[in-house]
Amino acid sequence: MFVHWGLFSAGDLGTWMMSDMAVPVDEYARKYVPGFTGENFDAEEIVELAKNAGCKYVVMVTRHHEGYCLWDTETTDFSSVKQIPGRDFIGEYVKAARKAGLKVGLYYSLCDWRYKGYWQGPRQNPKGWEKQVKLVHNQVREIMSNYGKIDILWYDGGWEAYPGAWGIKLTDEKVANYWQSEKLNAMVRKLQPGILINNRSFLPEDFGTPEKMIRPQARPWELCDTIGFYWGASSKDLDRKTSRTLIGQLLYSVSRGGNMLLNIGPKPDGSLLPWQKKTMEEIGTWLKKHGEGVYGCEGVWEMPFARILTPWQATQKGNSMYLHLLRYPGKSFAISNQHDLKIVSAELVDTGDKLHVETTATRDIISGLPAKSPDKIASLVKLKVRKKTARQIAQRQYIGIDNPI
């Protein structure tokens with residue numbers, strides 16, 4: 001579970017107001033600092049929601065692009081400790097996550113919109129840029145040093161302010177050099193051995209992070225998406241994704257070898273939005289029944305299991321393959337023999353019932369399912385499989401005929 005929460009939450013229009021509406025720094029602080037109280041922030045309630053939703057870790061924003069810090073930092077007074085809340089929210093979150101047995105992730109934005117050096121770039125304003133980079137390194141050192149073991153560091157915000165802002169054609173290598181990312185991440189790994197670092201310091205590091213669009217990669221990757229339209233809380237956000245839509249995204253990600261990080265945005269007082277809580281709990285209810293086809297599973301590349309337009313999304317673990325029936329086929333369905341696997345047995349996980357498997361020269365027919373799906377989102381069929389022998393593959397037949405006219 002991703003948690004986007006910060007001063008921007010008091011603006012009620014997502015995380016990018018300061019930039020997109022060109023709100024001056026002083027005006028931004030004057031308007032939103034009074035409303036960001038955090039008086040109802042309950043870290044234990046947030047991590048309990050994550051557990052109820054079936055999540056194994058949480059990534060919480062420590063500082064977004066606006067520069068407001070949610071921890072006890074010595075680098076600035078623009079923080080939840082020095083301002084109205086008077087609380088170290090990151091410390092509270094880390095303690096609660098560990099108590100709940102969840103892995104601890106911290107989000108940190110490299111950019112800070114309050115710095116002219118960011119907007120003008122390292123060439124036009126080298127001293128301003130150097131000042132910002134020094135702040136980044138000092139703040140990352142703090143969050144990696146002050147809270148015990150951290151499992152994930154989730155960078156963001158390292159891109160140029162707008163296309164061409166820095167007056168140079170950019171490559172990932174150049175941007176990483178500007179932020180001194182190699183030095184920064186070496187420090188992180190020294191302080192936190194075993195930590196996972198994402199790719200948004202413009203170095204590949206441990207995993208990729210496609211955002212809002214599923215883009216499978218040939219290495220560990222994680223879809224990040226939000227439960228509505230905005231990342232932060234907003235009463236104007238009416239584009240609320242259903243639990244079915246989100247479970248479909250999760251299954252598509254896992255079936256292509258990925259993972260999913262799903263965001264919620266608490267209100268400025270720290271309380272959870274009821275509709276977000278309800279949706280997360282619905283996802284958790286589904287995972288309690290069907291989680292064996294998600295947790296610890298890998299993608300499936302065998303056709304036709306991996307084809308986009310099948311009624312299922314397929315995952316696998318050892319010699320088990322799981323077909324998540326997002327579009328329920330009825331009492332029976334068939335699988336083309338385009339694959340090189342022999343289906344040994346089948347089970348409907350929802351009911352525990354054994355299903356009948358009939359293998360022909362061109363397909364495997366799975367039957368014995370109820371007429372209607374036992375689950376309103378997606379039922380789960382578990383197949384036991386093994387590799388076919390060369391002889392079995394050679395005897396495979398095809399559906400075409402010689403003279404169709």
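Strands E10 and E15 (residues 379-387) pair in the antiparallel sense over six bridges. The model is predicted. Both strands belong to an open sheet of eight strands with antiparallel pairing. Apart from the sheet, the points below cover two separate nonpolar cores and one cavity of 30 Å³ or more.

**Sheet order and edges**

- The strand order across the open sheet is E8-E9-E10-E15-E12-E13-E14-E11.
- Strands E8 (298-299) and E11 (332-336) stand at the edges; each has a single partner strand, so one side of each lacks a neighbour in the sheet.
- Helix H9 (residues 243-255) packs on the sheet and touches E8, E9 and strand E10 (320-325).
- The direction of H9 makes about 50° with that of E9.

**Strand pairing**

- E8 is joined to strand E9 (residues 312-317) by two bridges, and the two run antiparallel.
- Glu-298 has Gln-316 in E9 as its bridge partner.
- Where E10 meets E15, Tyr-322 has Lys-382 in E15 as its bridge partner.
- Strand E12 (residues 341-348) runs antiparallel to E15, and seven bridges join them.
- Lys-387 in E15 stands opposite Leu-341.
- In a regular strand, side chains alternate between the two faces of the sheet.

**Nonpolar cores**

- The largest nonpolar core has 91 residues.
- The members of this core that touch the most other members are Met-1, Tyr-93, Val-140, Met-144, Leu-153, Val-188 and Met-280.
- Helix H4 (residues 89-100) supplies seven residues, the largest share of this core.
- Beyond its neighbours within four places in sequence, Val-140 is in contact with Tyr-108, Leu-153, Tyr-155, Leu-184, Met-187 and Val-188.
- Leu-153 and Val-188 thus appear both as contacts of Val-140 and among the residues that touch the most other core members.
- A second, separate core has 19 residues, including Ala-314, Leu-341, Leu-355 and Val-385.
- Leu-341 of this second core is the residue that stands opposite Lys-387 in E15.

**Cavity**

- A search of the whole structure finds one cavity of 30 Å³ or more.
- The volume of the largest cavity is about 40 Å³.
- The largest cavity is lined by 14 residues, of which Tyr-230, Gly-232, Ala-233, Asp-237 and Gln-276 are the closest to its centre.
- Strand E7 (259-264) and helix H10 (274-290) are the elements that give two or more residues to this lining.

Technical notes:
Residues numbered from 1 in each chain as written. Predicted model: local features only at pLDDT ≥ 70, side-chain atom pairs only at ≥ 80, totals over all residues. Heavy atoms only, no water. Pairing = 2+ DSSP bridges. Helix = DSSP H or I, 4+ residues; strand = E, 2+ residues; numbered from the N terminus. Contact = heavy atoms within 4.5 Å. Axes fitted to C-alpha atoms, helices over the stretch in contact; angles between N-to-C directions. Core = buried A, V, L, I, M, F, W, Y, C linked by side-chain atoms within 4.5 Å. Buried < 20%, exposed > 50% of the residue type's maximum accessible area, 1.4 Å probe, protein only. 1 Å grid on protein atoms, 1.4 Å probe; cavity = no way out; pocket = protein on both sides within 12 Å on 5 of 7 lines; lining within 4 Å. Points joined across faces, edges and corners; volume = space filled by probe spheres on them.
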